[in-house]
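Here are a few short exercises to work through with the model open in your viewer. Try each task before you read its solution.

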Amino acid sequence: MGIKAEKLKVSLEKNDFQRIIERYHYKPEEGQRIFALYERMEKEVEAKAYLKISGKEENKEAMVLVTLGKDLDVLQEKYSKEEKIWEEYAIECLSMELLWKAYEQVEEKIYILCGQWSGNYGFYGDQIPLEQIKEALLSMEQEEVSCNGAGALTPKKSVLYGIQLTEKCENSGRDLCSRCKNKKCENRQYPQKEVLFYGYQKIFGKKEDL
């Protein structure tokens, strides 16, 4: 199967914001401010997925490239230049939630395309060697997302990953974190533990610097 480009319609619902407040350790009174920023940034989101499905029927896998588009980077950079750290970090958190929504839509589209369920995930730089990222991007036959020598993607709110597909529904349907083998990911969701999210590392530095 060739490369399939799909536009995605990702958005956050009202009930998502309570989870965001809890997950990213915001104060309840910050909820309205978060929602106002989301209304501003959602106008800049142009979500798209590139799908490449390969392998035999019983051993298929999908390579997926998801991006929220370049305009969101421009908005976040604007806040960065203005030293508005709260807004810069909030965009990081909200973007992460939009990417989660994109992952869910991609699974639905994969099932429509090939009739198989999504199993375990593997992310470039984690389970998949980072040095393979340029070759993988070239294989996706697109020009919207690029990477630098360190493997960082542009636009920044872009993710390249692989999914093992399965014909068994019971091997799918679990939350993404339980299907990802990277146990050290700072974005991994542990309800019983405090997690250092990517946004903190990006904006404030490494954990030991906090």
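**Exercise 1. Just past the end of helix 1**

Find the residue just after helix 1 that takes a positive phi, and give the angle.

*Solution.* Step off the end of helix 1 and you land on His25, whose phi is positive at about 60°. Keep in mind that you're looking at a predicted model.

**Exercise 2. The two sides of helix 1**

Work out which residues of helix 1 are buried and which are exposed on the other side.

*Solution.* Start with the buried set: Asp16, Phe17, Ile20, Ile21 and Arg23. These residues span an arc of only 165° around the axis, so they sit on the same side of helix 1. Now flip to the other side of helix 1, where Asn15 and Glu22 are exposed. Finally, look at what the buried residues pack against: helix 2 (31-41) and helix 4.

**Exercise 3. Salt bridges between helices**

Determine how many salt bridges the whole structure has, then trace the network that contains Asp16 and Arg23.

*Solution.* The full search turns up twelve salt bridges. One of them joins the side chains of Asp16 and Lys101, at 3.1 Å from N to O. Asp16 belongs to helix 1 (residues 14-23) and Lys101 to helix 4 (residues 85-114), so this pair ties together parts that lie 85 residues apart in sequence. Both partners are buried.

Next, take Arg23 and Glu97, whose side chains meet in a salt bridge at 2.5 Å, N to O. This pair also links distant parts of the chain, with Arg23 in helix 1 and Glu97 in helix 4, 74 residues apart. To call both residues buried, check them against the cut-off of under 20% relative accessible area. Arg23 comes in at 17%, and Glu97 at 2%.

Put it together and you get a network of salt bridges linking Asp16, Arg19, Arg23, Glu97 and Lys101.

For contrast in setting, try Lys78 and Glu82, which form a salt bridge with their closest N and O atoms 3.1 Å apart. Here Lys78 is partly exposed at 39% relative accessible area, and Glu82 is partly exposed at 37%.

**Exercise 4. A lysine in a loop**

Is Lys157 buried or exposed, and which side chain does its own side chain meet in a polar contact?

*Solution.* First locate Lys157, in the loop between strand 6 (153-154) and strand 7. With a relative accessible area of 4%, Lys157 is buried. Its side chain makes a polar contact with the side chain of Gln76, at 2.6 Å. Leaving out residues up to four places away in sequence, Lys157 also touches several others, including Val66, Leu72, Glu92 and Leu99.

**Exercise 5. An enclosed strand**

Decide how enclosed strand 4 is, and which way it pairs with strand 7.

*Solution.* Five of the seven residues of strand 4 (residues 117-123) are buried, so the rest of the structure largely encloses this strand. Strand 4 pairs with strand 7 (residues 158-166) in the antiparallel sense, over five bridges. For a landmark, find Ser118, which stands opposite Leu165 in strand 7.

**Exercise 6. Where to be careful**

Which elements have the lowest and the highest mean pLDDT?

*Solution.* The chain averages 83, and 80% of the residues score at least 70. By element, helix 7 (residues 198-204) has the lowest mean, 36, while helix 3 (residues 71-81) has the highest, 98. Over residues 190-210 the pLDDT is below 50, and this stretch has 37 contacts in the model beyond near neighbours in sequence. Where pLDDT is low, predicted coordinates shouldn't be read in detail.

Key:
Residues numbered from 1 in each chain as written. Heavy atoms only, no water. Salt bridge = Lys/Arg side-chain N within 4 Å of Asp/Glu carboxyl O. Helix = DSSP H or I, 4+ residues; strand = E, 2+ residues; numbered from the N terminus. Buried < 20%, exposed > 50% of the residue type's maximum accessible area, 1.4 Å probe, protein only. pLDDT = per-residue confidence, 0-100. Contact = heavy atoms within 4.5 Å. Pairing = 2+ DSSP bridges. Polar contact = N/O pair within 3.5 Å; in protein donor to acceptor, adjacent residues only side chain to side chain. Arc of directions from axis to C-beta.
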